[in-house]
Amino acid sequence: MTATAVRTDVYAQVQHFYAHQMQALDGGRFADYAATFTEDGTFQHSPSAAPAVGRAGIVAELVEFNKRFDGDPVQRRHWFNHIALEPQADGSLRSTVYALVVTVRPGGKPEIAPSCVVHDVLVVTDEGVRTRSRLVTHDQLA
């Protein structure tokens, strides 16, 4: 398989973008996370949920999803790795990323679950990188 090369500065920009995006998510800063999407961006992170559409929809989905952790002193960390970028004809980037979610509670040992593949369409503009769409597939459901 031959992939079309992406400039190294663009690849580094995407890595930097993902680092800040995941830190916003893991820090519970859902409005900041949603701001990393285009205005009409879509986000489907759970196979049982319909995609959230638009920044307000993404925030609402994350607030609802994270209610399951109310009263639970859990810390979740999303680890993105093996970022494969493919330029698209419209100028966007198709991004395929391996993701692990690490969960830890005070005094506990880190647990890794789920293992996922993140399928993004990214847009790079003068203002930076934005996610146009995200579909997360879960390995345990394959």
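This report describes the fold of one protein chain, starting with its overall make-up and ending with a single proline.

**Overall make-up**

The model is predicted. Its chain holds three helices and six strands. Read from the N terminus, the elements follow the order α-α-β-β-α-β-β-β-β.

The C-alpha atoms occupy a box of roughly 45 × 30 × 25 Å along the principal axes. Does the radius of gyration point to a compact or an extended chain, and what is its value? A compact globule of 142 residues would have a radius of gyration near 14 Å, and the chain has 15 Å, so the value agrees with a compact globule.

Of the 142 residues, 37% count as buried. The chain exposes about 8500 Å², and carbon and sulfur atoms supply 55% of that area. Among contacts with a separation of 6 or more, 47% are between residues 24 or more positions apart. The chain carries 13 positive and 16 negative charges, and the mean positions of the two sets are 4 Å apart.

**The sheet**

The six strands form an open sheet in the order E2-E1-E6-E5-E4-E3, and the pairing is mixed. Strand E2 (52-53) and E3 stand at the edges, and each has a single partner strand, so one side of each is left without a neighbour in the sheet.

The table lists four of the strand pairs.

| Pair | Sense | Bridges |
|---|---|---|
| E3 (residues 75-87) and E4 (residues 93-104) | antiparallel | 11 bridges |
| E4 and E5 (residues 111-125) | antiparallel | 10 bridges |
| E5 and E6 | antiparallel | 10 bridges |
| E1 (residues 37-44) and E6 (residues 128-138) | parallel | four bridges |

Three hairpins link strands of this sheet. E3 and E4 form a hairpin with five residues between them, and Gly91 in that turn has a positive phi of about 95 degrees. The hairpin of E4 and E5 has six residues between the strands, and Gly107 in the turn has a positive phi of about 80 degrees. E5 is joined to E6 by a hairpin through two residues.

Single residue pairs show how the strands line up. Arg77 stands opposite Val102 in E4. Ala99 has Cys116 in E5 as its bridge partner. Which residue in E6 is the bridge partner of Asp120? The partner is Arg134. Arg134 is also the bridge partner of Phe43. Asp120 belongs to E5, which spans residues 111-125, while Phe43 belongs to E1, which spans residues 37-44. Arg134 in E6 thus has a bridge partner in E5 and another in E1.

**Pro87**

Pro87 lies in strand E3, one of the two strands at the edges of the sheet. Across from Pro87 in E4 stands Leu93. Is Pro87 buried, partly exposed or exposed? Its relative accessibility is 36%, so Pro87 counts as partly exposed; the class lies between under 20% for buried and over 50% for exposed.

Leaving out residues up to four places away in sequence, Pro87 touches Thr4, Ala5, Val6, Ser92 and Leu93. Leu93 is therefore both a contact of Pro87 and the residue opposite Pro87 in E4. Pro87 and Val121 are 34 residues apart in sequence, and their C-alpha atoms are 9.8 Å apart in space.

How values were computed:
Residues numbered from 1 in each chain as written. Predicted model: local features only at pLDDT ≥ 70, side-chain atom pairs only at ≥ 80, totals over all residues. Heavy atoms only, no water. Pairing = 2+ DSSP bridges. Rg over C-alpha atoms; globule rule 2.2 N^0.38 Å. Buried < 20%, exposed > 50% of the residue type's maximum accessible area, 1.4 Å probe, protein only. Contact = heavy atoms within 4.5 Å. Areas by Shrake-Rupley, 256 points an atom, 1.4 Å probe, with all protein chains shown as cover. Lys, Arg positive; Asp, Glu negative; His and termini not counted. Charge placed at Lys NZ, Arg CZ, Asp CG, Glu CD.
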